[in-house]
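Please open the model in your viewer and keep the sequence panel beside it. We will go from one selection to the next, and at each stop you can compare the text with what is on the screen.

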Amino acid sequence: MLLATARLELPLVFKSSFDKANRTSSKSFRGPGLTEGLKILERVKTTYDIPVVTDVHETIQCEAVGRVADIIQIPAFLCRQTDLLVAAAKTGRIINIKKGQFCAPSVMVNSAEKIRMAGNENVMVCERGTMFGYNDLIVDPRNFEWMREANCPVVADITHSLQQPAGRKLEGCGVASGGLRELIPCIARTAVAVGVDGIFMEVHDDPLKAPVDGPTQWPLRHLEELLEELIAIARVSKGKQQFQIDLTPFHP
């Protein structure tokens with residue numbers, strides 16, 4: 001991953017979770033926990049000289065996470081939790097707020113403002129899909145445009161947005177999230193064409209054995225190929241430019 005982004009001269013931020021606290025099944029892998037997880041993230045940060053991002057689920061985690069992470073992520077389910085947003089903001093780190101699957105894009109304006117009101121201007125918002133029935137998500141490209149009203153960078157999560165929440169039955173009993181890995185390039189192309197400021201994606205060298213979100217992990221062997229295409233799209237897209245629509249009578 002590091003080699004691919006370096007060759008393409010793309011800035012890379014490494015993301016991992018010390019605790020996947022909102023897994024669908026209680027039997028699913030959660031992670032090493034706060035203390036050990038932060039040690040691992042710090043080793044990645046210093047060994048490879050790259051910034052790291054991780055998520056918090058409780059206010060008491062923010063201070064410790066802020067000492068290691070360059071970016072603190074607010075999970076989608078918690079995007080409106082004022083106390084969590086304020087505690088994260090007070091670390092002074094960049095805050096990445098994922099839009100809740102149940103939220104309109106306008107909610108991100110308020111969430112971003114909570115970060116600023118806590119004294120932190122370093123905020124960005126992330127689109128990760130909207131619930132479409134019980135076990136599916138849909139990506140509305142209009143959200144990439146409307147979320148700009150938060151007056152901060154907009155990021156597209158091109159892998160979680162293709163989850164099928166609780167859509168996969170487990171052997172014996174229970175459910176887990178499924179996903180539509182084959183559509184990751186589709187969502188990525190759309191997001192970049194519209195003009196997002198960054199891409200969030202899960203990548204794995206062996207997706208079928210990934211302990212977390214396996215059905216929406218992008219294969220590492222195809223990462224550079226996909227990134228090359230997205231760079232080409234970004235170079236020709238005018239997605240960040242407001243189209244000036246003239247509604248005066250037209251007589252060709």
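Select arginine 116 in this predicted model, and you will find a residue that counts as buried because its relative accessible area is 16%, under the 20% that sets the limit. Now add glutamate 113, which counts as partly exposed at 37% relative accessibility. These two side chains form a salt bridge, with the closest N and O atoms 3.6 Å apart, and both residues lie in helix H5, three residues apart, which is about one turn of the helix. If you also select Glu121, you have a network in which Glu113, Arg116 and Glu121 are linked by salt bridges.

Next, colour the whole of helix H5 and the strands beside it. Which arrangement do the strands of the open sheet follow? There are seven of them, in the order S1-S2-S3-S4-S5-S8-S11, and their pairing is parallel. Strand S1 (14-15) and S11 stand at the edges, and each has a single partner strand, so one side of each is left without a neighbour in the sheet. Strands in a sheet are paired through hydrogen bonds of the backbone, in either a parallel or an antiparallel way.

Move to strand S2 (residues 52-55) and strand S3 (residues 71-74), which pair in the parallel sense over three bridges; here valine 53 stands opposite isoleucine 71 in S3. Helix H4 (residues 82-89) packs on the sheet, where it touches S3 and strand S4 (94-98), and its direction makes about 175° with that of S3. Helix H5 (residues 107-117), where the tour began, also packs on the sheet, touching S4 and S5, and its direction makes about 160° with that of S4.

Now select strand S8 (residues 154-157), in which Val154 and Ala156 point one way while Val155 and Asp157 point the other way, and all of them are buried. On one side, S8 pairs in the parallel sense with strand S5 (residues 123-127) over three bridges, and cysteine 126 stands opposite valine 155. Strand S8 is also joined by three bridges to strand S11 (residues 198-200), with the two running parallel, and there aspartate 157 stands opposite phenylalanine 200.

Stay in S8 and centre the view on valine 154, which is buried with a relative accessible area of 2%. Its C-alpha atom is separated by 6.0 Å from that of methionine 124, although the two residues are 30 residues apart along the chain. Leaving aside neighbours within four places in sequence, valine 154 is in contact with several residues, among them Val125, Phe144 and Val196.

At the other end of the strand, select aspartate 157 together with lysine 98, whose side chains meet in a salt bridge (2.5 Å, N to O). This pair links distant parts of the chain, for aspartate 157 is in strand S8 and lysine 98 is in strand S4, 59 residues apart. Are these partners buried or exposed? Both aspartate 157 and lysine 98 are buried, whereas glutamate 63 and arginine 67 are both exposed, and their side chains also meet in a salt bridge (3.6 Å, N to O).

Finally, select the cysteines. The count of disulfides comes to zero: cysteine 126 is in none, and the nearest cysteine sulfur, that of cysteine 152, is 11 Å away. Cysteine 126 counts as buried at 0% relative accessibility. Cysteine 186 counts as partly exposed at 38%, and its sulfur is 17 Å from the closest cysteine sulfur, in cysteine 126, which is too far for a bond.

How values were computed: Residues numbered from 1 in each chain as written. Predicted model: local features only at pLDDT ≥ 70, side-chain atom pairs only at ≥ 80, totals over all residues. Heavy atoms only, no water. Buried < 20%, exposed > 50% of the residue type's maximum accessible area, 1.4 Å probe, protein only. Helix = DSSP H or I, 4+ residues; strand = E, 2+ residues; numbered from the N terminus. Pairing = 2+ DSSP bridges. Disulfide = S-S within 2.5 Å. Contact = heavy atoms within 4.5 Å. Axes fitted to C-alpha atoms, helices over the stretch in contact; angles between N-to-C directions. Salt bridge = Lys/Arg side-chain N within 4 Å of Asp/Glu carboxyl O.
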